[in-house]
Each structure stands twice: as C-alpha cells, then as structure tokens.
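Here is a short briefing on one structure. It covers charged side-chain pairs first, then the sheet and the helices packed on it.

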Amino acid sequence: MRVMGLDVGDKTIGVALSDPLGWTAQALEVIRRGDNLDKDLNRLAEIVQEYQVEQILVGLPKNMNGTLGPQGEKVLAFIERLKERINLPVKTWDERLSTVAAERALLEADVSRSKRKKVIDKMAAAVILQGYLDSGAIKG
C-alpha cells in the first residue's frame with residue numbers, strides 16, 4: 001500500500017511517499033502555498049493519481065503536553081477540505097519534533113543552510129511518514 005505523508009504548514013506542504021510495500025518513506029516535493037487552497041488540493045490529487053496512493057497521512061502538530069493549538073486546528077480544517085477533494089482514507093500522526101529530526105538529519109549530512117530551507121518541509125513529511133510506517137500501522 002502506497003501512503004502519502006504530508007507536513008502541512010501555512011506557507012508550504014511537505015510531501016513524502018512510501019514505497020509500494022509501505023516500508024520506507026521518501027521525500028517528494030514541497031508545495032508552496034498561496035491564497036488558493038484548491039490549487040494545493042489539485043496538486044495533491046495529481047500526486048495521488050500519478051503514484052497510485054491508497055492512503056494519506058497528515059502530520060498533526062500538537063503542543064508538548066499533547067493538546068491541540070491553533071496550528072493543529074488549521075491542519076484539522078485542511079484535512080476536512082482534503083477529504084472533500086480526495087476520496088481516500090486520511091489519518092493523522094503526531095508530528096511533534098519531526099522538523100527537529102529532519103533538521104538534525106540534514107545537518108549530519110552537511111547540507112548547506114540555503115539547501116536545508118528548500119527541503120526541510122519534505123524531509124519533515126518523510127520523518128512523519130517513516131514514523132508511521134515503522135509503527136506497523138499499515139501491516140496486516
């Protein structure tokens with residue numbers, strides 16, 4: 001089962017995909033968000049079709065105490081619109097510290113600051129998706 005992982009922010013959406021067997025996550029792209037949510041959703045629908053995605057995983061930002069803050073509420077509203085546009089199962093995954101983990105991995109790989117800024121969101125999406133895959137959530 002191929003799963004698409006999303007790291008949804010106000011300015012960008014990081015996109016990652018699992019391999020067809022659902023074992024590994026690869027960073028795919030960063031969607032630069034504008035004022036037109038339909039454009040963002042259309043791009044996600046194109047990716048779903050192109051890669052034959054069967055499930056969508058969205059990182060849900062929570063406060064360190066586990067509660068939802070304003071950004072978490074925005075992501076939940078985004079998920080509702082996503083479900084209206086794309087008829088696939090959509091699950092959420094706690095994304096706390098995913099960007100920190102992605103940043104650390106990029107630093108260890110000696111990626112320059114300017115390049116890190118361009119790829120951090122899709123790397124965070126891959127971290128979120130890999131955590132989900134590693135949990136065994138999609139295995140029989």
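**Salt bridges and sheet layout**

E29 and R43 form a salt bridge through their side chains, with N to O at 2.6 Å. E29 sits in strand β3 (residues 25-32) and R43 in helix α1 (residues 37-51), so this pair links parts that are 14 residues apart in sequence. The model is predicted.

**The E29–R43 pair**
- E29 is buried, at a relative accessible area of 18%. The cut-off for buried is under 20%.
- R43 is partly exposed, with a relative accessible area of 24%.

**Other salt bridges**
- The count of salt bridges is 7.
- R33 pairs with D40 in one of them, and their closest N and O atoms are 3.1 Å apart.
- R33 is partly exposed, with 23% relative accessibility.
- D40 is buried, and its relative accessible area is 3%.
- E80 pairs with K83, where the closest N and O atoms lie 3.9 Å apart. A salt bridge here needs the nitrogen within 4 Å of the carboxyl oxygen, so this pair counts.
- Both E80 and K83 belong to helix α2 (residues 70-85); they are 3 residues apart, which means a separation of about one helical turn.
- E80 is partly exposed, at 44% relative accessible area. K83 is also partly exposed, at 40% relative accessibility.
- E29, R43 and E46 are joined into one network by salt bridges that share partners.

**The sheet**
- The sheet is open and has 5 strands. Their order is β3-β2-β1-β4-β5, and the pairing is mixed.
- β3 and β5 (90-94) are the edge strands. Each has a single partner strand, so one side of each has no neighbour in the sheet.
- From one strand to the next, the twist averages 25°.
- Strand β1 (residues 3-8) pairs with strand β4 (residues 55-60) in the parallel sense, over 4 bridges.
- Within that pairing, L6 has V58 in β4 as its bridge partner.

**Helices on the sheet**
- α1 packs on the sheet and touches β1, β2 (12-18), β3 and β4. The direction of α1 makes about 150° with that of β3.
- The E29–R43 salt bridge joins side chains from β3 and α1.
- α2 lies across β1, β2, β4 and β5. The helix α2 runs at about 165° to β4.

Conventions. Residues numbered from 1 in each chain as written. Predicted model: local features only at pLDDT ≥ 70, side-chain atom pairs only at ≥ 80, totals over all residues. Heavy atoms only, no water. Helix = DSSP H or I, 4+ residues; strand = E, 2+ residues; numbered from the N terminus. Buried < 20%, exposed > 50% of the residue type's maximum accessible area, 1.4 Å probe, protein only. Pairing = 2+ DSSP bridges. Axes fitted to C-alpha atoms, helices over the stretch in contact; angles between N-to-C directions. Contact = heavy atoms within 4.5 Å.
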